[in-house]
Amino acid sequence: MTGHPPGPLWTGRASNRAQWLLAAAGAAALALGIELAVDYSWGSGNVPLVMSVVGCLAVGLLILYGTIAFVHVAVTVDSEAMEVRCGHIGLPRRTIRLSEVTSAEFLPRITPQQWGGWGYRWRPEKGTAVIVRRGEGLALHLGDGKLFTVTVDDAENAVRVIRTHLRALAR
């Protein structure tokens, strides 16, 4: 079996700048919650105030994390695995060992509608996906029958690298 040089064989990314608009909405909800907590006095008691503050803070944080985590995705393929890292802090992260992959497929057109939206998605009939934008991506068919899909630029070359490594593993 021939060995690959250390380090990544392929790296790619995909991003979606439109999600920054959703992040702004999350920041606005968070700011509203802070404003209510600091400067607003309710004449009808503290319970409505606390509920409003907690609601705004929770919604703001959920929207912010949900959008910023999926503004972009970085994919790295090396001689042993494919690693997918989301967002600026790299979470969520998924590593799939190539020894678990049975085949790789280039997908020229993936849309968020096929998966029920942006983000880290799971559908029983389709498997798991990381969808940050519409466009090209790749799908890995795993040995346990599951499917993992990710939108990423230059996915066709990623599939070539993965297939080359799968052939080397089969020898």
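**Briefing: a four-stranded antiparallel sheet and its nonpolar core**

Strands β3 and β4 run antiparallel and are joined by 5 bridges. They belong to an open sheet of 4 strands, ordered β1-β2-β3-β4, in which the pairing is antiparallel. The model is predicted. Helix α4 lies across β1, β2 and β3, and the largest nonpolar core, with 27 residues, takes its largest share from α4.

**Sheet layout**

- β1 (10-15) and β4 (93-97) occupy the edges of the sheet; each has a single partner strand, so one side of each is left without a neighbour in the sheet.
- Neighbouring strands of the sheet are turned against each other by 10 degrees on average, with direction ignored.
- In a regular strand, side chains alternate between the two faces of the sheet.

**Strand pairs and hairpins**

- Strand β2 (residues 72-77) runs antiparallel to strand β3 (residues 81-86), and 5 bridges join the two.
- Within the pairing of β2 and β3, A74 stands opposite R85 in β3.
- A hairpin is formed by β2 and β3, with 3 residues between them.
- The pairing of β3 with β4 places A81 opposite R97 in β4.
- β3 and β4 also form a hairpin, here with 6 residues between them; in its turn, G87 has a positive phi of about 70 degrees.

**Helix across the sheet**

- Helix α4 comprises residues 155-170 and runs at about 145 degrees to β1.

**Nonpolar core**

- The residues with the most contacts inside the 27-residue core are V73, M82, V130, L138, L140 and V150.
- At least two residues of this core are supplied by each of β1, β2, β3, β5 (101-110), β8 (135-142), β9 (147-151) and α4.
- The contribution of α4 amounts to 5 residues, the largest share of the core.

**Contacts of L140**

- Leaving aside its neighbours within four places in sequence, L140 is in contact with M82, I96, V101, S103, A104, K146, L147, F148 and I162.
- One of these partners, M82, is listed together with L140 among the residues with the most contacts inside the core.

How values were computed: Residues numbered from 1 in each chain as written. Predicted model: local features only at pLDDT ≥ 70, side-chain atom pairs only at ≥ 80, totals over all residues. Heavy atoms only, no water. Pairing = 2+ DSSP bridges. Axes fitted to C-alpha atoms, helices over the stretch in contact; angles between N-to-C directions. Contact = heavy atoms within 4.5 Å. Core = buried A, V, L, I, M, F, W, Y, C linked by side-chain atoms within 4.5 Å. Buried < 20%, exposed > 50% of the residue type's maximum accessible area, 1.4 Å probe, protein only.
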